[in-house]
Structures are given as structure tokens and as C-alpha cells.
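Trainee: I'm new to this one and would like a close look at a single part of it. Could you take me through the helix in the middle of things, and tell me what surrounds it?

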Amino acid sequence: MKLYVVFSVLEIFDKLCASFGQDILESLFASASSVRSGSRSAMWLDLLVAYGYLTAHTLVLFYQVVALSVAINSNSNVLLTLLISNNFTELKT
């Protein structure tokens, strides 16, 4: 599998995680600001979901850094190909 394909997939997952993460963290804030004795279980559920989200997004960003490091340290022109392919996708949108 080509490195620029892996990097593009990771970039898509990063954007998805960022959009879902905003809603998850807003839900956590809303449940934490209205803590009542009956809604503590909802807060703990939101906290667990937020922790899972943060772990998943951290892994996506870590793999993105690893892919970029591989592109920088390779002998061929992988970094140039990666930069050009990302610029073409930015021009399309």
C-alpha cells in the first residue's frame, strides 16, 4: 500500500474524529455542569465515551506522525509525492 494513501486515510479519520469529538466533549461538559444525584451515571458514561474518543484520536494522530516520519526518512521521493498529493486534494475541495 502506498504511503500517500495511508496518509490520506489517516487525514480523513482525523477530520472525522475532530467533528465527533466536538460533540462528545460538549455532551460531557453539559452533563458535568448539571450534575445531580440521579444523573451521575450519565456523566460517567459521557466521561467513558470521551476517554475512548481521546484515545482513538490520539492514536490516529500518532500514526499520522509515524507516516510522516517514514516519508521524511525514506530514500526515494515519497515526501514530495505526499506533499503533492495532499495539495491536489486541497485544490479539489
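Mentor: Happy to, starting from the outside. The accessible surface of the protein chain comes to about 6,900 Å², and carbon and sulfur atoms account for 69% of that. Keep in mind that this is a predicted model. The chain's average pLDDT is 84, and 89% of the residues score at least 70.

Now the layout. The protein chain has three helices and zero strands, so to walk it from the N terminus is to read α-α-α. Of the 93 residues in the chain, 20% are buried. Contacts tell you something about the fold too: among those between residues at least 6 apart in sequence, 72% join residues at least 24 apart.

The part to look at is helix α2, residues 40-73. Among the elements of the chain, α2 has the highest mean pLDDT, 90, while helix α3 (residues 78-92) has the lowest, 71. Helix α2 has 34 residues and reaches 49 Å from its first C-alpha to its last, close to the 50 Å expected at 1.5 Å a residue. Its partner α1 can be checked in that way as well: 31 residues should span 45 Å, and the end C-alpha atoms are 44 Å apart, which agrees.

Which residues of α2 are buried? They are M43, D46, A50, Y53, H57, V60, Q64, A67 and A71. On α1, the buried residues are F7, L10, E11, C17, G21, L28 and S31.

Several of these names come back in the largest nonpolar core, which has eight residues: F7, L10, C17, Y53, V60, A67, A71 and L82. Both α1 (3-33) and α2 supply at least two residues of this core, and α2 gives the most, with four. As a rule of thumb, nonpolar side chains in soluble globular proteins tend to be buried together.

Zoom in on Y53 and you can see what α1 brings to it. Leaving aside neighbours within four places in sequence, C17 is in contact with Y53, H57 and V60. With the same kind of neighbours left out, A18 is in contact with Y53 and H57. A18 is found in helix α1, and the C-alpha atoms of A18 and Y53 are separated by 9.5 Å, although the two are 35 residues apart along the chain. Is A18 buried, exposed or partly exposed? A18 counts as partly exposed because its relative accessible area is 38%, which falls between the 20% and 50% cut-offs.

Further along α2 comes the one aromatic pair in the structure. It is formed by F62 and Y63, with 5.9 Å centre to centre and 55° between the planes, which makes it tilted. How open are these two to the outside? F62 is partly exposed, with a relative accessible area of 48%, and Y63 is partly exposed as well, at 46%.

Last stop on this helix is I72, which also sits in α2. I72 is exposed, because its relative accessible area of 53% is over the 50% cut-off. Compare that with A71, which is one of the buried residues of α2. From I72 to L82 is 10 residues in sequence and 10.0 Å in space, C-alpha to C-alpha. And you have met L82 already, as one of the eight residues in the largest nonpolar core.

Technical notes:
Residues numbered from 1 in each chain as written. Predicted model: local features only at pLDDT ≥ 70, side-chain atom pairs only at ≥ 80, totals over all residues. Heavy atoms only, no water. Phe/Tyr/Trp six-rings, centres within 6.5 Å; stacked < 30°, edge-to-face > 60°. Buried < 20%, exposed > 50% of the residue type's maximum accessible area, 1.4 Å probe, protein only. Contact = heavy atoms within 4.5 Å. Areas by Shrake-Rupley, 256 points an atom, 1.4 Å probe, with all protein chains shown as cover. Expected span 1.5 Å × (residues − 1). Core = buried A, V, L, I, M, F, W, Y, C linked by side-chain atoms within 4.5 Å. pLDDT = per-residue confidence, 0-100.
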